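Q: Please take a close look at the pockets of this model. What lines them, and which parts of the chain supply the lining?

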Amino acid sequence: MGTSRTAPNALNRDLRLAVADLETVNPWMGVYRFSILGIVFLGLVALAWTAPNMAGFLGYTAIAGIFYAFWLICTHDATHHTLTGWAWFDEGAPRLISWPMVWPYGAYSYLHHLHHAWNGIDLRDPERVQWAIAEYQQAPPWQQWYVRHQWWIDLFVLGGLGLIAKTTLHALRLKSQTPVLQRHLWLDGLGILVVQASLTLIAIGHHRLLDYILFWIVLERVIGILLQTRDHLEHYALWGSTAGHQLTQLYACRNLDTHPVMAWLMGGLNDHAVHHAFPSIPFNHLPEAFCRTTAILQQHGWPPLLREQGYLQETLRLGSRPCLIGAPQPADPTGRYHMISCHDLKLT
């Protein structure tokens, strides 16, 4: 296969041609997905706040958190303007649903574009979750212990607050270099302040401030688990570059085999490789783009894109096998350039 492999430039050209017709955004598909998830979430919130007892309140809130997480995932599509393609909607709606959970959407949107540029290439990638060997070796013992148990700590301890803190810290580090990022931080801060103050005053007015605090905490815990799982699965143990940015993105992202309903809820992000290679393709066309891309790669003698097991199976597998980003290694026979040292760290 290696001897008959097509040159990267020709392959990149054919890949772009193969999916060019899939880049058209149907705004009503995005509106439908956004609306359905929002209606279900708000319905569950109404059930929670009218529940006759604490068990009902907590139960409905926890289920609402699941749908809120999927609703927030819509904001990812909005960063690429592939949710509806309407700039006013894709810029405004995500902020309205992010600020109640103290999520700095504007800063995230800017950093996410850096992630697309740097994934597999530049260790400054703001969404990189995997540590490099040098970072691990230079870390104090308590941080090394954290890296060995990173998955479970991030998912169940740091959760949503961990993602908020990570995004905010990355934005603060870069804000002096990027004036637009400063404006995003100010707008996010003001929006979060206004929304949280309004919700708090409403809760106080109804003598339910403690219920509101508990409600927010339950949502944060549930949303944090789901979003941290997605955040880790998309790239963990796949860091590496190959011939050109487009091919690097195809091979430095994880694709997951999941039920079509789950794929819809996740906005097609289980087909993560084609999303990274062609971020202008809307979520409803990603499955077809995956099939076409895999076919083109095989025609040109390059390794096909693989679908790994589902979200739960891969979380259990990767969470129990922590590994580090290592020094560059020689290209393997398939032409992929590896930068991964996947030796197991001892879980002690």
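A: What follows covers the two pockets in turn, then the nonpolar core. The model is predicted.

Start with the largest pocket. Its volume is about 620 Å³. The lining counts 24 residues, and Arg128, Trp131, Tyr146, Lys166 and His170 sit closest to the centre. Three helices, H7 (141–148), H8 and H10, each give at least two lining residues. H8 contributes the largest share, with ten. The lining is mixed in class: nine nonpolar residues, seven polar and eight charged.

Now the second largest pocket. The volume here is about 450 Å³. Its lining has 19 residues, and those closest to the centre are Val45, Trp49, Leu199, Tyr212 and Phe215. Two or more lining residues come from each of H2, H3, H4, helix H9 (179–205) and H10. By class, 17 are nonpolar, one is polar and one is charged.

Several of these helices also build the largest nonpolar core. That core holds 45 residues, and Phe34, Tyr68, Trp71, Leu219 and Ile223 touch the most other members. Helices giving two or more residues to the core include H2 (27–49), H3 (54–79), H4 (87–98), H8 (150–174) and H10 (209–233). H3 provides the largest share, ten residues. Take Ile223 as an example. Leaving aside residues up to four places away in sequence, Ile223 touches Gly65, Tyr68, Ala69, Leu72 and Met101. Another core, of 21 residues, lies apart from the largest one; among its members are Leu11, Cys253, Val274 and Ile296.

Key
Residues numbered from 1 in each chain as written. Predicted model: local features only at pLDDT ≥ 70, side-chain atom pairs only at ≥ 80, totals over all residues. Heavy atoms only, no water. Core = buried A, V, L, I, M, F, W, Y, C linked by side-chain atoms within 4.5 Å. Buried < 20%, exposed > 50% of the residue type's maximum accessible area, 1.4 Å probe, protein only. Helix = DSSP H or I, 4+ residues; strand = E, 2+ residues; numbered from the N terminus. Contact = heavy atoms within 4.5 Å. 1 Å grid on protein atoms, 1.4 Å probe; cavity = no way out; pocket = protein on both sides within 12 Å on 5 of 7 lines; lining within 4 Å. Points joined across faces, edges and corners; volume = space filled by probe spheres on them. Nonpolar A, V, L, I, M, F, W, Y, C, P; charged D, E, K, R; others polar.
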